[in-house]
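Me: I'd like a close look at one spot in this model, and then a walk outward from there to the rest of the protein. Could you take me through it?

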Amino acid sequence: MLRFLILSFLVLWQCSPNRQTETYRFDQIIVTKFPTNPPPAFPQSFFPEKANFLQSSEFKTSHIHTKEAFLHLETTESWEEIQKRIDFRVNQGDWKLVEKNTNDSEVSYLLEGFIKKSLSIYLSRSGETNQIRFYFKKHSTY
């Protein structure tokens with residue numbers, strides 16, 4: 001009995017959750033769990049340097065052009081550093097800040113880009129990590 005207990009303890013210790021990428025395609029919709037790369041519609045400069053991508057989805061009008069996209073990620077980067085990066089990126093001029101709402105544990109940004117693009121960013125605190133959700137929508141057919 002003791003041998004079985006020790007053996008099962010060693011086996012279970014080696015079993016850890018595996019973050020394997022799962023991709024589902026439904027015609028023009030692509031849903032990915034634990035993606036390795038973010039959807040190309042999002043500006044990469046808004047992302048933290050060390051980010052764990054949790055989920056993404058895209059709705060494409062063709063094989064190349066993204067109409068809508070969503071990305072959920074988590075990072076251990078500090079709350080202040082994330083806000084500083086987003087504010088710095090907005091001040092560069094290619095994204096216009098339309099609205100910013102701040103609470104104790106959440107911050108939301110609504111941005112407008114060229115050629116009728118909109119980007120929403122939601123920051124939220126959850127323990128030692130910070131959750132960031134990005135929503136992208138293109139309102140034109142260019």
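Leaving aside its neighbours within four places in sequence, which residues is Ser140 in contact with?

Reply: Happy to. This is a predicted model, in which local features need pLDDT of at least 70 and side-chain atom pairs count only at pLDDT 80 or more, while totals for chains, interfaces and linings use all residues. Residues are numbered from 1 along each chain as its sequence is written, and side-chain values use heavy atoms, with hydrogens and water left out.

With neighbours within four places in sequence set aside, Ser140 is in contact with Lys67, Ile115 and Lys116; contact here means heavy atoms within 4.5 Å. Ser140 sits in the segment after β8. Its relative accessible area is 10%, so Ser140 is buried (buried is under 20% relative accessible area, exposed over 50% and partly exposed in between, with a 1.4 Å probe and protein chains only). Lys116 is 24 residues away from Ser140 in sequence, yet the two C-alpha atoms are 5.9 Å apart in space.

To place that segment, here is the overall layout. The protein has 2 helices and 8 strands, and their order along the sequence is α-β-β-β-β-α-β-β-β-β. These elements are DSSP runs numbered from the N terminus, with helices being H or I of at least four residues and strands E of at least two. Of the contacts in the protein with a separation of 6 or more, 44% join residues 24 or more positions apart. Of its 142 residues, 36% count as buried.

Stepping back into strand β8, we meet Asn130. Asn130 counts as buried because its relative accessibility is 7%. A polar atom of the Asn130 side chain lies 2.7 Å from the backbone oxygen of Glu77. Apart from neighbours within four places in sequence, Asn130 has contacts with Leu73, Glu74, Thr75, Glu77, Ser78, Trp79, Ile82, Ser124 and Arg125.

Strand β8 also takes part in the nonpolar interior, so let's go there next. In soluble globular proteins, nonpolar side chains tend to be buried together. Here the largest nonpolar core has 21 residues, and those with the most contacts inside it are Phe42, Phe46, Ile86, Leu119, Ile121, Leu123 and Phe134. The elements giving two or more residues to this core are β4 (66-75), α2 (79-90), β6 (106-113), β7 (117-126) and β8 (129-138). Helix α2 gives the most, with 4 residues. (A nonpolar core is a set of buried Ala, Val, Leu, Ile, Met, Phe, Trp, Tyr and Cys residues joined through side-chain atoms within 4.5 Å.) Outside its neighbours within four places in sequence, Ile86 is in contact with Phe46, Tyr109, Ile121 and Leu123.

Now for the charged residues of α2. Side chains of opposite charge can pair when their charged atoms come close. The whole structure has 6 salt bridges, each a side-chain nitrogen of Lys or Arg within 4 Å of a carboxyl oxygen of Asp or Glu. One of them links Arg89 to Asp94, with the closest N and O atoms 2.6 Å apart. Arg89 lies in helix α2 and is buried, at 9% relative accessible area, whereas Asp94 is partly exposed at 29%. Leaving aside neighbours within four places in sequence, Arg89 is in contact with Pro43, Ser45, Phe46, Asp94 and Trp95. Phe46 is thus a contact of Arg89 and also of Ile86.

Another salt bridge joins Lys100 and Asp87, whose closest N and O atoms are 3.7 Å apart. Because Lys100 lies in strand β5 (residues 95-102) and Asp87 in helix α2, the pair ties together parts that are 13 residues apart in sequence. Lys100 is partly exposed at 34% relative accessibility, and Asp87 is partly exposed at 26%. Lys84 and Glu81 form a salt bridge too, with closest N and O atoms 3.7 Å apart. They are 3 residues apart in helix α2, so about one helical turn separates them. Lys84 is exposed at 52%, and Glu81 is partly exposed at 38%.

Finally, the surface. The protein exposes about 9,900 Å², and carbon and sulfur atoms supply 54% of it (areas come from the Shrake-Rupley method with a 1.4 Å probe, and for residues only the protein chains shown count as cover). Tyr24, Phe26, Ile29 and Phe59 form a nonpolar surface patch with about 380 Å² of accessible area together. Patches are made of residues with over 30% relative accessible area and no salt bridge, like charges being joined within 9 Å and nonpolar side chains (Val, Leu, Ile, Met, Phe, Trp, Tyr) within 5 Å. Phe59 belongs to strand β3 (residues 51-60) and is partly exposed, at 31% relative accessibility.

Definitions and conventions. A polar contact is a pair of N or O atoms within 3.5 Å; within protein, one must be able to donate a hydrogen and the other to accept it, and residues adjacent in sequence count only if both atoms are side-chain atoms.
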